[in-house]
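Work through the exercises below with the sequence and the 3D view at hand. Each task is followed by its solution.

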Amino acid sequence: YSVRCIYGELTIPTITTTSISSITTNSSTTGGYVSRDGGTPILLRGVCWSTTSTPTTANSKTADGTGPGSFTSSITGLEAGTTYYVRAYATNSMGTAYGNEISFTTMTSISFSIPTLTTSSISNISPTSATSGGSISSDGGAPITTKGVCWSTATNPTTANSKTSDGAGSGSFTSTINGLTAGTIYYVRSYAINSVGTGYGSQETFTSSLILSLPTVTTTAASTITTTSATLGGNVTADGNATVTERGVVYATTQNPTTLNTKVAIGSGTGTFTSNITGLSAGTTYYVRAYAINSQGTAYGNELNYTTSSTVVGSITDVDGNVYNTVTIGTQVWMASNLKTTKYNDGTAIPLVTDNTVWANLVTPGYCWYNNDAITNKNSYGGLYNWYTLNTGKLCPIGWHVPTDVEWTTLTNLFGGLTIAGAKLKEVGTIHWDGNTDATNESGFTAVGGGDRGGEDGIFRYIRGYGYWWSSTEFDANNAWLRALYYYQSTVNRSNHLKQDGYSIRCLYD
């Protein structure tokens with residue numbers, strides 16, 4: 001058999017009233033919710049209101065569609081400062097149902113306030129400008145006459161500080177901030193002005209970009225120069241406000257080398273740097289510049305030049321077993337370091353004299369180490385010998401001799417004479433000299449500041465400041481010729497001193 005179901009008893013709808021919102025002097029918003037239609041379609045729904053309790057559809061009302069569910073109703077045409085009673089209603093074929101009653105009072109008058117707004121985050125930051133702006137969420141009930149952003153290097157800037165003017169009205173706006181100082185912290189707030197006053201947005205902060213430029217780099221004088229190598233480097237003193245991604249040296253046998261010539265990269269960043277450069281040609285003048293690269297390009301340091309040593313022709317060993325490199329300079333072959341023997345070439349011991357008074361009174365051979373400290377000074381500076389020691393003719397290794405005054409002149413003339421040859425004879429750097437910025441050692445002679453010992457008082461003086469070398473040529477019965485170099489200048493001094501003085505010795509090949 002078939003079964004047919006029937007709906008229960010038909011009734012009026014079931015409805016509730018929504019709470020009141022958006023109350024003004026003459027309007028508000030409410031609504032209702034039809035939870036049951038009573039078994040028959042909802043023909044009409046809305047809200048009704050009155051200044052007396054229990055309003056019905058016979059009073060003022062809205063018509064907000066049909067059917068069950070939620071709906072929103074706008075109540076208009078109200079009187080300011082008046083209390084109203086509201087009920088939602090829903091009508092079906094069985095009649096009209098009312099929701100719960102809610103009351104509210106309209107505002108007595110419009111209340112104005114300063115605008116409400118937020119500040120946009122900062123973008124497009126450069127050394128002199130940036131972009132910001134704001135969004136006005138409420139005009140405070142009165143028209144916005146001016147809006148923009150204001151900024152300062154102090155917190156909470158106002159329109160008394162720097163500002164933009166970006167039109168009128170509500171909504172979002174964009175502002176361009178100009179006239180900034182590079183690398184400076186700024187504080188920014190949006191603002192909006194109505195008839196009540198000025199409202200400010202949240203505070204944003206940013207730092208203007210630094211002005212970018214090429215790095216600043218200087219070239220370091222070459223040091224440890226040999227026939228085929230030299231130590232080169234530089235100092236990046238400023239990065240130009242952009243990371244130095246590469247630094248190093250460039251060199252060539254012509255002036256103004258660039259990275260298109262021979263380039264040696266030596267790390268990145270700022271500060272000093274050095275590297276031992278190999279594969280050079282003997283007796284060759286090279287021009288060198290340090291370089292540094294950042295996003296703005298390549299910067300070069302000052303140009304310097306140096307000359308690699310002439311060909312080393314081997315070495316010579318003295319009777320003590322000390323080994324000396326030798327260097328060919330023009331037609332001469334020189335020891336490339338100071339003599340440090342304690343014996344003549346026949347094996348006889350040279351008297352070691354440590355007492356100052358004894359030293360000053362010697363008229364016979366004697367030697368010493370500077371400050372009587374062989375451990376510190378022997379290998380670096382060699383020995384100090386009085387002239388009587390070399391006059392024996394047995395001080396240098398067999399086949400070598402102490403140079404004459406004329407032979408010293410031959411050497412200095414090869415490098416421009418007494419006024420400039422010193423720079424070309426001195427070891428580069430400050431390991432064995434104080435100061436010494438002029439040295440190039442292009443000769444390969446590698447002179448060091450071994451100081452001296454006075455023939456009148458036996459006092460040690462001038463280590464790292466002066467270097468003195470005997471010649472074998474007498475000036476008179478009490479004095480002999482020598483050559484001297486100084487840390488602070490490029491000259492060579494030719495003079496004669498007491499034979500009791502203690503000076504360095506360089507031997508020359510016979």
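Two strands count as paired if DSSP finds at least two bridges between them. The model is predicted.

**Exercise 1.** Establish how strand 14 and strand 15 are joined, and find the bridge partner of I185.

Solution. Start with the ranges: strand 14 covers residues 185-193 and strand 15 covers residues 198-207. Eight bridges join these two strands, so the pairing cut-off of at least two is met. Their direction is antiparallel. Next, look at the connection: four residues lie between the strands, and the pair forms a hairpin. Finally, I185 has T207 of strand 15 as its bridge partner.

**Exercise 2.** Determine the strand order of the open sheet of three strands and explain which strands stand at the edges.

Solution. The order is 16-17-20, with antiparallel pairing. Strand 16 (216-223) and strand 20 (271-277) each have a single partner strand, so one side of each lacks a neighbour in the sheet and both stand at the edges. From one strand to the next, the twist averages 20 degrees. For the contact between strand 16 and strand 17 (residues 230-238), count six bridges. Within this pairing, V217 has V236 in strand 17 as its bridge partner.

**Exercise 3.** Decide whether I12 is buried, partly exposed or exposed, and name the patch that includes I12.

Solution. Locate I12 in the segment before strand 1 (14-17). Its relative accessibility is 38%. Buried means under 20% and exposed means over 50%, so I12 counts as partly exposed. On the surface, I12 forms a nonpolar patch with L10 and M94. Together, the three residues have about 240 Å² of accessible area.

Technical notes:
Residues are numbered from 1 along each chain as its sequence is written. This is a predicted model: local features need pLDDT of at least 70, side-chain atom pairs count only at pLDDT 80 or more; totals for chains, interfaces and linings use all residues. Side-chain values use heavy atoms; hydrogens and water are left out. Axes are lines fitted to C-alpha atoms, for helices over the stretch in contact, and angles run from 0 to 180 degrees between N-to-C directions. Patches are made of residues with over 30% relative accessible area and no salt bridge: like charges are joined within 9 Å, nonpolar side chains (Val, Leu, Ile, Met, Phe, Trp, Tyr) within 5 Å. Accessible areas come from the Shrake-Rupley method with a 1.4 Å probe; for residues, only the protein chains shown count as cover. A salt bridge is a side-chain nitrogen of Lys or Arg within 4 Å of a carboxyl oxygen of Asp or Glu. Buried means under 20% relative accessible area, exposed over 50%, partly exposed in between (1.4 Å probe, protein chains only).
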